[in-house]
Amino acid sequence: MINVRIRPYIEADLPAVTALWDIVFPDDATRNRAPAAIPQKQDFQPGLIFVAETDGQIVGTTMAGYDGHRGWLYGVAVHPDHQRQGIATELVNHAVAKLRSLGCLKVNLQVREGNESVTAFYESLGFEVEPRVSMGKLVS
């Protein structure tokens, strides 16, 4: 594994995170892209976005949320040139530890249907596929 440092996101990271998300999540809706999602998250619940850095370069991110009942992971992304080096595992473990420190007892996440390799990754970290139907509604 390469030497990686997990640290809290800062505003100056936005261009690098935007570039990363554009590569890793190229088909995300505009509302989910970094320039929209990250400032909104920071305004609402700062301190739960983390970046993975190696040699001064941002190579990974994760965004967590906690509503007082359940935690969520979003935007776990690692640049393709740095995948399969343990970075995503470190990001997820770091975010889960932070959520646990806030009193969170359960962490949820969503994986796009058909993305078996990502599902297998999360299963290797102890997450389980649950019999649920994910639903959503745009309200704006």
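Start with Q110: select it and you'll find it exposed, at a relative accessible area of 53%. (Exposed means over 50% relative accessible area, buried under 20%, and partly exposed in between, with a 1.4 Å probe and protein chains only.) Q110 sits in the loop between strand 5 (107–108) and helix 4 (116–124). Helices and strands here are DSSP runs numbered from the N terminus, with H or I over at least four residues for a helix and E over at least two for a strand. Leaving out residues up to four places away in sequence, Q110 touches W72 and S134; contact means heavy atoms within 4.5 Å. Now add R33 to the selection: Q110 and R33 are 77 residues apart in sequence and 16 Å apart in space, C-alpha to C-alpha.

A word on what's loaded: this is a predicted model, in which local features need pLDDT of at least 70 and side-chain atom pairs count only at pLDDT 80 or more, while totals for chains, interfaces and linings use all residues. Residues are numbered from 1 along each chain as its sequence is written, and side-chain values use heavy atoms, with hydrogens and water left out.

**Zoom out**

Switch to cartoon and color by secondary structure. You should be able to pick out four helices and five strands, and walking from the N terminus the order is β-α-α-β-β-β-α-β-α. Turn the C-alpha trace around its principal axes and it spans about 40 × 35 × 30 Å. The radius of gyration is 15 Å, which agrees with the value near 14 Å for a compact globule of 140 residues; that radius is taken over C-alpha atoms, and the globule rule is 2.2 Å times the number of residues to the power 0.38.

Of the 140 residues, 38% count as buried. Among contacts with a separation of 6 or more, 58% are between residues 24 or more positions apart.

**Into the core**

Which two residues have the most contacts inside the largest nonpolar core? Select L73 and F127, the pair that hold that place in a core of 23 residues. (A nonpolar core is a set of buried Ala, Val, Leu, Ile, Met, Phe, Trp, Tyr and Cys residues joined through side-chain atoms within 4.5 Å.) Color in strand 2 (49–54), strand 3 (57–66), strand 4 (71–78) and helix 3 (87–101), the elements that give two or more residues to this core. Helix 3 supplies the largest share, seven residues.

Stay on F127 and show its surroundings: not counting residues up to four places away in sequence, F127 touches L73, V92, V96, V107, L109 and Y122. Apart from this core lies another, of 13 residues, with W21, I38, M63 and A77 among them.

**T62, then T89**

Next stop is T62, in strand 3. Is T62 buried or exposed? Buried, with a relative accessible area of 0%. Ignore its neighbours within four places in sequence and T62 is in contact with L48, I49, F50, L73, Y74, G75, V76, L91 and A95.

Now hop to T89, which is found in helix 3. T89 counts as partly exposed, at 26% relative accessibility. Beyond residues up to four places away in sequence, T89 touches F121 and L125. Draw a distance to V76 if you like: the C-alpha atoms of T89 and V76 are separated by 9.6 Å, with their positions 13 residues apart along the chain.

**A buried arginine**

Select R7, in strand 1 (residues 5–8). R7 is buried, with a relative accessible area of 10%. Outside its neighbours within four places in sequence, R7 is in contact with D13, I49, F50, V51, E53 and I58. F25 is 18 residues from R7 in sequence, and their C-alpha atoms are 21 Å apart.

**Two unusual backbones**

Most residues other than glycine have a negative phi. Go to D55, in the loop between strand 2 and strand 3: D55 is not a glycine, yet has a positive phi of about 50 degrees. D55 is exposed, with a relative accessible area of 82%.

Finish at R84, in the loop between strand 4 and helix 3. R84 also isn't a glycine, and its phi is positive, near 65 degrees. R84 counts as exposed, at 81% relative accessibility.
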